[in-house]
Amino acid sequence: MLRRHRINVTLAVLVGLALATMWASRVVPDALTANAALLTIAAVKGRRLALDYLDLRTAPAMWRGLVSAWVFLIATFTFASSALTHLI
């Protein structure tokens with residue numbers, strides 16, 4: 001029963017983050033700040049998906065850390081390349 005509740009909470013959080021993504025893309029005037037906000041939200045969504053839907057919340061800490069680091073590394077690399085193209 002607790003797992004079903006956690007999945008429902010995660011779904012609600014993901015829907016809220018998706019709405020925040022749509023809101024931030026229209027409201028934030030600076031492109032670089034908007035990219036940072038959107039990629040941060042995407043990284044949080046990716047981590048929630050990995051932990052709850054791929055059931056990594058019950059996995060060993062090493063696997064949770066590796067998957068979370070991978071998600072944030074991809075988001076960081078994407079932001080760095082976006083910022084670099086914005087500055088050039």
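In this predicted model, helix H3 covers residues 61-87, and its 27 residues should span 39 Å at 1.5 Å a residue; the end C-alpha atoms of H3 lie 38 Å apart, which agrees with that expectation. The buried residues of H3 are Ser68, Val71, Ala75, Ser82 and Ala83, and these buried residues pack against H2.

Helix H3 belongs to a protein chain that holds 3 helices and 0 strands, the order of elements from the N terminus being α-α-α. The C-alpha trace of the chain spans about 50 × 30 × 10 Å along its principal axes. Of the 88 residues in the chain, 22% count as buried, and the chain exposes about 6200 Å², of which carbon and sulfur atoms supply 73%. When contacts between residues at least 6 apart in sequence are considered, 73% of them join residues at least 24 apart.

Helix H2, against which the buried residues of H3 pack, has 23 residues and reaches 32 Å from its first C-alpha to its last, a value close to the 33 Å expected at 1.5 Å a residue. The buried residues of H2 are Ala34, Leu39, Ile41, Ala43, Ala50, Leu51 and Asp52. Just after H2, Asp55 takes a positive phi of about 60°.

Among the buried residues of H2, Asp52 carries an acidic side chain whose surroundings can be described in some detail. Asp52 is found in H2, which comprises residues 31-53, and has a relative accessible area of 2%; because this value falls under the 20% limit, Asp52 counts as buried. The side chain of Asp52 makes a polar contact with the side chain of Thr10 at 2.4 Å, and a further polar contact, at 2.7 Å, joins the side chain of Asp52 to that of Arg57.

A second buried position of H2, Ala34, can be considered together with Ala24, which lies in helix H1. The C-alpha atoms of Ala24 and Ala34 are separated by 6.7 Å, although the two residues are 10 apart along the chain. Ala24 has a relative accessible area of 5% and is therefore buried, since the limit for this class is 20%.

The surface of the model also carries a nonpolar patch, formed by Leu11, Val15, Leu19, Met22, Leu49 and Tyr53, which together have about 550 Å² of accessible area. The elements that give two or more residues to this patch are helix H1, which covers residues 2-27, and H2. The largest share, 4 residues, comes from H1. In general, an α-helix has 3.6 residues a turn, so residues three or four places apart point the same way. Leu11, one of the patch residues, lies in H1 and has a relative accessibility of 45%; because this value falls between the 20% and 50% limits, Leu11 counts as partly exposed. Helix H1 thus holds both the partly exposed Leu11 and the buried Ala24.

Technical notes. Residues are numbered from 1 along each chain as its sequence is written. This is a predicted model: local features need pLDDT of at least 70, side-chain atom pairs count only at pLDDT 80 or more; totals for chains, interfaces and linings use all residues. Side-chain values use heavy atoms; hydrogens and water are left out. Buried means under 20% relative accessible area, exposed over 50%, partly exposed in between (1.4 Å probe, protein chains only). Contact means heavy atoms within 4.5 Å. Accessible areas come from the Shrake-Rupley method with a 1.4 Å probe; for residues, only the protein chains shown count as cover. A polar contact is a pair of N or O atoms within 3.5 Å; within protein, one must be able to donate a hydrogen and the other to accept it, and residues adjacent in sequence count only if both atoms are side-chain atoms. Patches are made of residues with over 30% relative accessible area and no salt bridge: like charges are joined within 9 Å, nonpolar side chains (Val, Leu, Ile, Met, Phe, Trp, Tyr) within 5 Å. A salt bridge is a side-chain nitrogen of Lys or Arg within 4 Å of a carboxyl oxygen of Asp or Glu. The expected span of a helix is 1.5 Å times one less than its number of residues.
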